[in-house]
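Colleague: I am new to this one and would love a guided close look at a single part of it. Could you pick a spot where empty space is left inside and then show me what else there is to see?

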Amino acid sequence: GGKGGMMGCKGGMMGGWGPEAMWGGWGPEAMWGGCGPQAMWGGYGPQGMMGGKGGFAPQAQKPAAKKWSAAPAATSSASVHWISLDGASQLAQQGLPLEGPAAVYEKGVDVFGSSTHILSDIVGDVSTDVTITHDADWEQFPDIGEALKTATGEEHCFAVATCPGSSIWGIGVASGWKGRESSAKLALALALAAQNPDVMATLSKTYPEFGALCKSQGFTVKAGGAQAWGGNSKGQQAAPGVAAADVPAVHFLTVGADSKPVLAGLPAEAPAIEHTNKQLKEFFSNAHNILSELVEDVSTAVTFEDDPDWKVVPEVGAALQAAGAEDNSYCIAASETFGCWGVGLAAGWKARESASKLALAMAIGQTTGRLEEMAQNYPEFRTLLAAAGLVEPANKKRRKGGW
């Protein structure tokens, strides 16, 4: 991280809570629910967080939901519990908030290996600007031990990470010292990033695994320097269907907080692309190649949910209708790693799959800030993105400072 980091703990926090930092408001949101790429669509998890300045609400558990169509797989995201302390706690006496995140260390989860770098990018020098206190035997913070036991149902060793001047803390849970260090840094980074959507967006672009964690906790991660779905640089709302007659129709969908995509840890917004005109098939010929440049292996990193009769995820069908899309069968493509999804509409399965790949590529490109790069490599993709208002047309120079 650069000197002083992005936020600078010594100088206090930048920004604060706002609707743009959450999933469409303060409604309940869900984690990945322990689902991997083959079963990411199901299960409920902790509720999204909310609280006054620097505060968070404790998680609320819901019964497990029926899986969409696949068997569960191992999670690739960290487990985080949002715990609440009382006013008599030592942290509260130090002027720190009563609520904060506790990350449970798990070997093999990438985001823990990046925790030091992520935190350094926020605060600058972790060795001088962050204090980590190990309390494996609950001697200094017994109330935190009890809160963790209540949240997880088990007793845990933990460490408390604080950043002087920020009024923020995070808890790392692990049996070993190294695991506690890593998870405490991650929890503190999450708590700090939660205070500023721009910082969270920058970190998520640099560390996709951190972006996936943030989204799994109910945050809407803005694309760094880019507009949100369906809007422009001035924040105006785009038309529901943004396409010329010679370009496939693109729609921007919004589903509710109780929808299956959101409960699976995905954002409420996603693009949908119609593949209904055979004269426009050239726009989809490179769909697989474009997506392959954004994910490691489409066959393992992307989940497809074909719903031709609107029976598996009917709320997506309703969102399509609300967006002005034609009534048609659709397929949902989703990436757990990037926390993105897209929808393809067509009568046939093969066409639906191609359109969903292109929609997911659009979503991932927006999230990672790589739309312009993809547009340069694939001219027909630029035409589609330009029609959707996401990049400048090929015959126009891109404005400095954004779209």
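Modeller: Happy to! Let us begin with the lining of the largest cavity, to which α7 (197–206), α8 (208–216) and α13 (349–368) each supply at least two residues. Please keep in mind that this is a predicted model. Rolling a probe the size of a water molecule over the atoms shows where empty space is left. The structure holds 2 cavities of 30 Å³ or more, and the largest has a volume of about 60 Å³.

To find this cavity on your screen, pick out Ser204, Lys205, Pro208, Gly211, Ala212, Lys215, Phe338, Thr367 and Thr368, which line it. Among the helices, α8 gives the most to this lining, with 4 residues. By character, the lining residues divide into 3 nonpolar, 4 polar and 2 charged.

Now let us step back to the chain around the cavity. You can trace 15 helices and 10 strands in it. Of its 403 residues, 55% are buried. Among contacts with a separation of 6 or more, 64% are between residues 24 or more positions apart. The chain exposes about 16600 Å², and carbon and sulfur atoms supply 51% of that area.

One of the lining residues, Phe338, is a good starting point for a walk along the strands. Look for the hairpin of β9 and β10, with 4 residues between the strands, where glycine 339 takes a positive phi near 65 degrees. Strand β9 (residues 330–335) and strand β10 (residues 340–345) run antiparallel and are joined by 6 bridges. Within this pairing, isoleucine 332 has valine 343 as its bridge partner. Strand β9 also pairs with strand β8 (residues 303–307), in the antiparallel sense and over 5 bridges, and there aspartate 306 stands opposite cysteine 331. As for cover, 6 of the 6 residues of β9 are buried. Tyr330, Ile332 and Ala334 are on one side of β9, with Cys331, Ala333 and Ser335 on the other, so both faces are covered under the cut-off of 20% relative accessible area for a buried residue.

Strand β5 is another one to look at. It is largely enclosed by the rest of the structure, because 5 of its 5 residues (169–173) are buried. One face of β5 holds Trp169, Ile171 and Val173 and the other holds Gly170 and Gly172, and both faces are covered. Strand β2 (residues 99–104) runs parallel to β5 and is joined to it by 3 bridges, with valine 104 standing opposite valine 173. Strand β4 (residues 158–162) pairs with β5 in the antiparallel sense over 5 bridges, and valine 160 stands opposite isoleucine 171.

Finally, α13 leads us from the cavity lining to phenylalanine 284. This residue sits in the loop between β7 (269–274) and α10 (287–292). It counts as buried because its relative accessibility is 5%. Beyond its neighbours within four places in sequence, phenylalanine 284 is in contact with Pro248, Ile273, Glu274, His275, Ser354, Ala355 and Leu358. Alanine 355 lies 71 residues from phenylalanine 284 along the chain, yet their C-alpha atoms are separated by 6.6 Å.

Notes. Residues numbered from 1 in each chain as written. Predicted model: local features only at pLDDT ≥ 70, side-chain atom pairs only at ≥ 80, totals over all residues. Heavy atoms only, no water. 1 Å grid on protein atoms, 1.4 Å probe; cavity = no way out; pocket = protein on both sides within 12 Å on 5 of 7 lines; lining within 4 Å. Points joined across faces, edges and corners; volume = space filled by probe spheres on them. Nonpolar A, V, L, I, M, F, W, Y, C, P; charged D, E, K, R; others polar. Buried < 20%, exposed > 50% of the residue type's maximum accessible area, 1.4 Å probe, protein only. Contact = heavy atoms within 4.5 Å. Areas by Shrake-Rupley, 256 points an atom, 1.4 Å probe, with all protein chains shown as cover. Pairing = 2+ DSSP bridges.
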